[in-house]
Structure formats: structure tokens, C-alpha cells
Amino acid sequence: MSDPQVIAFDRPDMGEEEIAAVAEVLRSGWLTTGPRTRQFEQLFAEYVGARSALAVSSCTAAMEVALATWGLGAGDEVITTPLTFCSTVHVIVHRGATPVLADVSPNDYTLDPVQVANRITPRTRALLPVHLAGLPSQMDHLLEIANAHGLKVLEDAAHAAGARLGERMVGSLGHATAFSFYATKNLTTAEGGMLTSNDESFLAQARLWSLHGLSRDAWKRYTAEGSWQYDVVLPGLKCNMTDLQAALGLVQLAKLERNIARRTEIARRYTAAFSHVPELIPPPEARPGDRHAHHLYLLRLNLDRLRIRRDRFLQELQSRGIGVSVHFIPVYHFTYYRERFGWRAEEFPVCEAIYRSVLSLPCYPRLTDDQVDRVIAAVLEIVETYRV
Ligand SMILES: *Cc1c(COP(=O)(O)O)cnc(C)c1O
């Protein structure tokens, strides 16, 4: 399994500090939502420049709670991108609302504001952009459209902790932002997520939605100031974060800037090697003054110049011991979504062209320069062998 010649697609950056932080929580006698979670929420809100933050069990849960808090349901439409993980769309369906897909922009692979504007109807209630790979979506355009039509904007920032638009961090831009701390993400708590917002009353209501709709926090119920009494004010979900996860999150948050710096170095090394190769299309970069979080490195193939397709290219990399992936299989490819909404690939030509040509290379802090160079050499060797 740990063949030194094999380069894993991803490895979490976990160390003794995380182990000690978790052990301390285990010894403290307080396991679930408590003081560590509160501290993580405060420091994360400060980091992204949001007025408040709510720690939950996943990014999926954070999105679900946001849509529930806004009261979205049957008859409401939410516009999102097909180039995402399925849960971005699932949460809309879970609320009984209707997902509407708009194609992505060829320049940054995120929601194309022109396509979004074309899909607005009297039933549209919210936009759900995804900051793919860590590159911020065109938020100024999207917020302008949203404000003109009285829509909410929920950002899926699963890849974008630490990304920035000018001086504004992702997490402080739209009406609400959802982050993921899943095992593969650039800040991980094994499983976990965070909802941030500048609207404190929205977030207070979201907090109720995240814990059964209980009128006071469960953890306060068992402290000296608490009591056995509580009220239930709405049919809430159960997706609170535990102090075990928050303890991991606090250590990981302190490492995040350093880890983004390392991911950025790796991405630059790849792009320097690939940018002059006509068979390859390096990923879009952040606009001047913005910051890409470089969670993923998306390399595209110029298929006109190669004798093999993307799938074969992936196999060639794997056979050289290099872990690879594809982000993402567009949601309209999946049986459920094809059958339920009748979506077809022809409706999303930009997304489909990206999907057919894209692959993700290893890009994580523990990758050494030597390993990066081996990945580069393998990519160039495959191009050399199969160029037209
Ligand atoms: C990982 C991911 C999610 C889901 O995050 P969870 O924390 O596992 O719920 C949502 N959207 C995108 C784009 C993701 O990559």
C-alpha cells in the first residue's frame, strides 16, 4: 500500500498536534458540541471576515441548513452549476425545490453570469455558485444579478477556504457560504462543515435548524447555567459539529495559510512545466488581486492534438503509479438527474467540453518537489507518446 514509487492522489496533513488536540477533548469529558466548537466558529469567522459562523457536520449539511432557514421549498427554483459534486444539487431537491442548471464559463469553469441571467424566472429564489478548485466564482456579477431580482446567494466553498476576491475573503461575500472539512479538503476535521454569514439573525435561525430546532443549545442544558427545560420551535435537522472535530479544525485552521502557500507553489510548478505544451491546457488562474486556494489542480487535454482520450490518459498516469481523479462528472450524467429533470449534455456545451478533457493531478502540502517533478515527467512522456 505504501509503495514509495506510488504517488497518492491525496493525503491529509495530520500530525502530532492534531492527535494531542483530540486526546485532550477525549480526556475533558465533553465530547459533542461545546467550548471547542464555539472557539472554532469564532476563529473561522474571524479568518474569513464574516460576522458569524455555524459549525456543522458537513458542507452538505451547511447548504441544507441555509436553504431550510430561507424557507425554500416546493415551487422555488435555485440556479446552480452542473460542474460540481452531486450534493450541491441534492440539497435543493431535499428541500422540495427545483434545481436549475446554468452552464459554466470557459474562462474559469464556474457559473457563467450570462447563462444564470438567462435562466431566471419568477420562481427563482436563490443562486448556488461553486468556487471550483478554489478559484472564486464571478461573485460581483452574480451578486448584482441576485440584488436586481431579490435572490439569495449561497456559495459552495467546499474548495475555497482561504480564497479571496481582492481584500474580501470567500465566506464574507454572499448571503451565506458553506465550507467543507471532509477528509480530502484543504482544512479537514475528517467530516465537518461551516456556514458563515454577515447576517447574525439568519445564522441564529440556522443554528436552530442544525440541532433539532431546540430553543437552546444542548451543551448549555448540561452546564450549571442550563436547565432541563427546552422548547422546540421548528423541525430541525441533526447536523451539529462535535468538539472532537472542532479540536482538529482549530489545529488545521492554524496551518491553513502555510498549506495554501505550498499548494500554490505546486500549482505554479505544474503550470510552468505545462504552459508551453500545446497538447495541454493549464487551469484558469485567479484574476489580478484575487487569491486561488489551489485545492485542486485541473489539467485539461487539447484533445485535437492527442491520439488518446482523457480516460486513456488517466490510465497511463495510473500505470506509472500516479494517483489521479476527475472533478467532476457533471450532475446531468447521473441516472437520477437525467430521469428526474430530463437534463442532456447538449444543453451544457462548455461544461461537457471541460468534463471530456479534464483531469486532476496530485496537489497537496505533503507532496515533495521531487514527486511533483515525477508527475510532470509522466504527463510529458504520455503527451510525447500520443501526440498527433
Ligand atoms: C466535497 C464537496 C462537497 C461536500 O462536502 P461534504 O463536507 O462532504 O458534505 C460539496 N461540494 C463540493 C464542490 C465538494 O467538493
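This passage describes a three-stranded sheet, the helix lying across it and the two largest pockets of a predicted model. Residues are numbered from 1 along each chain as its sequence is written. Local features of this predicted model need pLDDT of at least 70, side-chain atom pairs count only at pLDDT 80 or more, and totals for chains, interfaces and linings use all residues, while side-chain values use heavy atoms, with hydrogens and water left out.

Three strands (DSSP runs of E, at least two residues, numbered from the N terminus) form an open antiparallel sheet in the order β10-β11-β12, pairing being assigned where DSSP finds at least two bridges between two strands. The edge strands, each paired on one side only, are β10 (280-281) and β12 (358-361). Strand β11 (residues 297-301) is joined to β12 over four antiparallel bridges, and leucine 299 has leucine 359 of β12 as its bridge partner.

The largest pocket (an open set of points on a 1 Å grid where a 1.4 Å probe fits, with protein on both sides within 12 Å along at least five of seven lines) has a volume of about 500 Å³. Of its 32 lining residues, those with an atom within 4 Å of a point, His159, Tyr182, Thr184, Lys185 and Phe328 are the closest to its centre. Because domain 1 (16-253) and domain 2 (256-386), with bounds from an automatic or database assignment, both contribute to the lining, this pocket lies between them.

The second largest pocket holds about 290 Å³ of space and is lined by 13 residues, with Thr264, Arg268, Glu285, His292 and His294 nearest its centre.

Definitions and conventions
Contact means heavy atoms within 4.5 Å. Axes are lines fitted to C-alpha atoms, for helices over the stretch in contact, and angles run from 0 to 180 degrees between N-to-C directions. Grid points are joined across faces, edges and corners, and a volume is the space filled by probe spheres set on the points.
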